[in-house]
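User: Could you take a close look at how one pair of helices packs together in this model, and then follow the packing outwards to other parts of the chain? I am in my first year, so please go step by step.

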Amino acid sequence: MTWMLTGGAGYIGAHIVAAFQRAGVPVVVLDDLSTGIRDNVPDEVPFVQASIADPAVVGAALRGHGVTGVLHLAAKKAVGESVARPLHYWDENVAGMRSLLQTCVDAGVDRVLFSSSAAVYGNPPVDRVTEDTATAPMSPYGETKLAGEWMLRDLAVAAPLRWAALRYFNVAGSGAPELGDRSVANLIPMTFEAITAGRNPQLFGDDYDTRDGSCVRDYIHVVDLAEAHVAAAQRLDAEDTGEIYNVGRGEGVTVKEVFDTVRGVTGQDFVYDVAARRPGDPAAYFADPAKIRSQLGWAARLHLADMVRTAWDSWQSRALGAS
Ligand code: WQD
């Protein structure tokens, strides 16, 4: 069973490739390197530089490598950018995925594992979110992820398709210093950037109705997230299914608690500046991971401290490399 990972040269993709290798599952990486890094792909893993929306190259790669399943990660994922450039996001994340799925059908590939997002929930009415919690995305990015799930559901009615969608919560950490998240677009790297530049990190609102006034999120280590993909792929290789799974630790952590963990890991006793709330930020939500645990036997093993420590190791190794 060979799996093609679209976007496998990215931060999350590289960790999934490593997890598939540990599990002995053959993989091929397809990535257009628009944000992915070629060196993230191990030498022994076949690599195809192409857009998912290029049927000729993608189809040739599926057939040429005997691909039986596609793990689709390649997407634009910056929430703010999606608001400024909605058509770009609908083109890349939805039109591109449509093209990829048609190419899969034409090549006889009947297994698709999709990288979705907790962003499909928007600002949920409950803190603990199950897969049955109403979806109400608040950004074009979240809407495109929900549209991707709908495409899979509809295709599975019309054609032979085994599929699963994994709704990622807040991904952090790294499995190796060289595989850290290079986009400074989320809380932990943004905090590192501030303290290493001698600035105070910003707290986007401290007046939320939460245990310490700061927002609550479910942080999940990228290595745990990668292992969830192995479990889901093995389920698709074993049986016909069409399921959506929350992938989180099942525990809510506040921004201030993240700051405390960063202080402990880095040894830097920084203070933060309270800034205005960020529009669109839900006050609090975290995953109920019961479904993935009971159906796929997966549960997160690593903790916030592991995420911050491995992310900090990557941050420092990159800084040393740059110096
Ligand atoms: C986390 C919390 C901020 C930076 C995003 C995407 C979501 C998914 C995960 C892809 C929030 C606060 C942040 C800072 C802060 N991505 N914060 N100061 O927004 O929960 O989710 O990443 O699927 O789609 O929306 O993550 O890391 O941006 O913010 O106070 O300097 O940290 O307000 O409460 P978010 P985030």
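Analyst: In this predicted model, the axes of helix α1, residues 11-22, and helix α7, residues 222-238, come within 8 Å and cross at roughly 55 degrees. The two helices α1 and α7 are therefore oblique to each other, and the crossing in which α1 passes α7 is right-handed. On the side of α1 the contact is made by Y11, I12, H15, I16, A19, F20 and R22, while α7 brings in V222, V223, L225, A226, E227, H229, V230 and A233. Sorted by class, this contact of α1 with α7 has eleven nonpolar, two polar and two charged residues. When you look at the numbering of such contacts, it helps to remember that an α-helix has 3.6 residues a turn, so residues three or four places apart point the same way.

A second pair of helices can be read in the same manner. The axes of α4, residues 86-107, and α5, residues 140-158, come within 9 Å, and they cross at roughly 20 degrees. Because angles under 35 degrees count as roughly parallel, α4 and α5 are described as roughly parallel to each other, and here too the crossing, of α4 past α5, is right-handed. The residues of α4 that take part are P86, Y89, W90, N93, V94, M97, R98, L101 and V105, and they meet P140, Y141, E143, T144, A147, G148, M151, L152 and L155 in α5. By class, the contact of α4 with α5 has 13 nonpolar, three polar and two charged residues.

Helix α6, residues 187-196, shows how far a helix can be covered, since seven of its ten residues are buried. Those buried residues are L187, I188, P189, T191, F192, A194 and I195. Just after α6 comes G198, which takes a positive phi of about 80 degrees.

A positive phi also appears at L33, where the value is near 60 degrees although the residue is not a glycine. This deserves a second glance, because most residues other than glycine have a negative phi. L33 has its place in the loop between β2, residues 27-31, and β3, residues 47-49, and with a relative accessible area of 23% L33 is partly exposed.

The aromatic side chains give another view of the packing, for the structure holds six aromatic pairs. In one of them, the rings of F169 and Y285 have their centres 5.8 Å apart and their planes at 50 degrees, so the pair is tilted. This pair links distant parts of the chain, with F169 in the loop between β7 (162-168) and β8 (170-172) and Y285 in the loop between β14 (273-275) and β15 (286-287), 116 residues apart. Both F169 and Y285 are buried. Another pair, F259 with Y272, is stacked, with 5.4 Å from centre to centre and 25 degrees between the planes. It too links distant parts of the chain, as F259 lies in helix α8, residues 255-266, and Y272 in the loop between α8 and β14, 13 residues apart. The two partners are not covered alike: F259, at 0% relative accessibility, counts as buried, whereas Y272, with a relative accessible area of 25%, is partly exposed.

Y285 is worth following further, since Y121, F169 and Y285 form one aromatic cluster. At 8% relative accessibility, Y285 counts as buried. Leaving aside neighbours within four places in sequence, Y285 is in contact with A118, A119, P124, V126, D127, V129, F169, V216, R217 and D218. A75, by contrast, is 210 residues away from Y285 along the chain, and the C-alpha atoms of these two residues are separated by 23 Å.

Finally, consider P55, which lies in helix α2, residues 55-64. At 45% relative accessibility, P55 counts as partly exposed. Not counting residues up to four places away in sequence, P55 touches A60, S99 and T103. From P55 to H303 the distance in space is 41 Å, C-alpha to C-alpha, and the two residues are 248 residues apart in sequence.

Terms used. Residues numbered from 1 in each chain as written. Predicted model: local features only at pLDDT ≥ 70, side-chain atom pairs only at ≥ 80, totals over all residues. Heavy atoms only, no water. Axes fitted to C-alpha atoms, helices over the stretch in contact; angles between N-to-C directions. Helix = DSSP H or I, 4+ residues; strand = E, 2+ residues; numbered from the N terminus. Parallel < 35°, antiparallel > 145°, perpendicular 65-115°, else oblique. Left-handed = near helix turned anticlockwise from the far one by under 90°. Contact = heavy atoms within 4.5 Å. Nonpolar A, V, L, I, M, F, W, Y, C, P; charged D, E, K, R; others polar. Phe/Tyr/Trp six-rings, centres within 6.5 Å; stacked < 30°, edge-to-face > 60°. Buried < 20%, exposed > 50% of the residue type's maximum accessible area, 1.4 Å probe, protein only.
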